[in-house]
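Subject: Structure handover

Hi there,

Here is the structure I promised to pass on to you. Have a look at it first, and then read on for what turned up in it.

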Amino acid sequence: MAIVLAAGQGKRMKSKLYKVLHPVCGKPMVGHVLDTVTATGCQRTIVVVGHGAEAVQAYLGDKAEYVLQASQLGTGHAVKQTKELLGSEEGTTIVICGDTPLVTSETLEGLMALHERNRAAATVLTAVMEQPAGYGRIIRGTDGGVLKIVEQKDCSSEEDAIHEINTGTYCFDNAKLFAALEKVTNTNNQQEYYLTDVIGILRGEGDIVLGYQANDPAESIGVNDRLALSEAEGHMKRRINRRHMLGGVTLIDPDSTYIGAEVVIGQDTVIYPGTFLKGMTVIGEQCIIGPASDIEDSRIMDGAAVKQSVLNQAEVGARASVGPFANLRPGTVLGEEVKVGDFVEIKNATIGNGSKVSHLSYIGDASVGRNVNVGCGAITVNYDGYNKAVTTIEDDAFIGSNVNLIAPVTVGKGAFVVAGSTITRSVPDNDLAIARVKQENKPGYADRIRSRAKAKKDQL
């Protein structure tokens, strides 16, 4: 079982966004925490919500059960709100804060293993910090167990010199936790019910209370302001990049590569500097991505290349080439070995295998077949100011430069549209379409225009 504390307002964030919904590497903090406790095998997860309760529940959905802490009266009070759901349960309960995104499932598993192996009443996740100021100190007994947790403001000079701190994550024997919570009082300056008081209560009753030290002190970071958010982002970014590199991905410059928590990348893919990979993006093997590409919620197949381009909810086929400076908007699907060149924008369109849209074109609301060539400056004119319409270009067609295709219109298989044409009617298979205004040359007229312009200027 797990209890995730996510009821605090987070005033120090100075934000309209509820604190635990602030993202770290693209995923809200409480999402990181919930995924971590789920990975440990917890059968039930209770999220204690307060400020922003509806937003948290909307994000997490049915991944958890919820209780409301209507008044924030301390961490002990928050845990006590789960009594109706968990008070009669037997077993181990993890208590963790929703603003600690860096805690790993491996650490929680180690914490639980120590706790259950020794049949402890409580086990505290601790960390050793070079600069422990602001954290509660872990006071251990001669037996190595935890005697108590002393908050920074209450430390003696000897206690202040201790570098082992309380991370705010715990394992409890569930029955003993709820029994001890009944004995917690709010006789303190803040008049709050502290979960840390449970440790002293259990120890005073002769129960075993242990401490499990995290290998990485960064896991103890609790995000209360934008500075801590930035620190957590940096740690998570390095952790994610390291995981991908150990998995066979080349990051040319990890410090300038940003990969979201949910991104999947195949082996032998190379990521160049200045690249952002976000959301649910999936990249195959042997791809070349970047430099300076921004890719979100997109799928890129094996062997594809994306250079200095923006992709959002797009799909790029195997061995396709995108960029530089292309913009693939939602609904774009590129087939295998498609070429999309510089300054091309594609939206809600399918491009068939082997087709080319090489430069300076807009393809929107369109179906483009196989082995089609779309020339420079071609446009599917898909919007009449009121409605969108579809353009269809069938296999092996050729669209010349600077062509306007006024949707709805179909260019048939093998058809040829001459450069500079504005097409308003469908073109049958293998036909040639030309739609230009007849050219007329006026001898010497350019000199007349210049003379008139000069005369007008001289009069001013």
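Before the helices, a word on terms: an axis here is a line fitted to C-alpha atoms, for helices over the stretch in contact, and the angle between two axes runs from 0 to 180 degrees between their N-to-C directions. Please also keep in mind that this is a predicted model.

**A pair of helices**

With that in hand, take helix α1 (residues 29-39) and helix α5 (residues 105-117): their axes come within 8 Å and cross at roughly 50 degrees. That angle makes α1 oblique to α5, because it falls neither under 35 degrees, which would be roughly parallel, nor in the 65 to 115 range that counts as roughly perpendicular. The crossing of the two helices is right-handed. Which residues of α1 and α5 make the contact? On the α1 side they are Thr36, Val37 and Ala39, and α5 brings Ser105, Leu108 and Glu109. Sorted by class, the contact holds three nonpolar, two polar and one charged residues.

**A histidine to look at**

His77 sits in helix α3 (residues 75-80). Is His77 buried or exposed? It counts as buried, because its relative accessibility is 16% and the cut-off for buried is under 20%. Leaving aside residues up to four places away in sequence, His77 touches Gln69, Ser71 and Tyr193. With Ser71 there is also a polar pairing to check on screen: a polar atom of the His77 side chain lies 3.5 Å from the backbone oxygen of Ser71.

**Backbone details in the loops**

Most residues other than glycine have a negative phi, and most peptide bonds are trans. Here are some places that depart from this pattern.

- Gly290 and Pro291 are joined by a cis peptide bond, with omega about 5 degrees. Pro291 is in the loop between β18 (288-289) and β19 (294-296).
- Gly323 and Pro324 are also joined by a cis peptide bond, here with omega about 10 degrees. The loop that holds Pro324 runs between β24 (321-322) and β25 (327-328).
- Glu337 is not a glycine, yet has a positive phi of about 55 degrees. This residue is in the loop between β26 (333-334) and β27 (339-342), and is partly exposed, with a relative accessible area of 46%.
- Leu360, not a glycine either, has a positive phi of about 55 degrees. Its place is the loop between β29 (356-359) and β30 (362-368), and at 48% relative accessibility Leu360 counts as partly exposed.

Best wishes, and happy viewing!

Technical notes
Residues are numbered from 1 along each chain as its sequence is written. This is a predicted model: local features need pLDDT of at least 70, side-chain atom pairs count only at pLDDT 80 or more; totals for chains, interfaces and linings use all residues. Side-chain values use heavy atoms; hydrogens and water are left out. Helices (H or I, at least four residues) and strands (E, at least two) are DSSP runs, numbered from the N terminus. Buried means under 20% relative accessible area, exposed over 50%, partly exposed in between (1.4 Å probe, protein chains only). A polar contact is a pair of N or O atoms within 3.5 Å; within protein, one must be able to donate a hydrogen and the other to accept it, and residues adjacent in sequence count only if both atoms are side-chain atoms. Contact means heavy atoms within 4.5 Å. Angles under 35 degrees count as roughly parallel, over 145 as roughly antiparallel, 65 to 115 as roughly perpendicular and the rest as oblique. A crossing is left-handed if the near helix is turned anticlockwise from the far one by less than a right angle, and right-handed if clockwise. Ala, Val, Leu, Ile, Met, Phe, Trp, Tyr, Cys and Pro count as nonpolar, Asp, Glu, Lys and Arg as charged, and the others, Gly among them, as polar.
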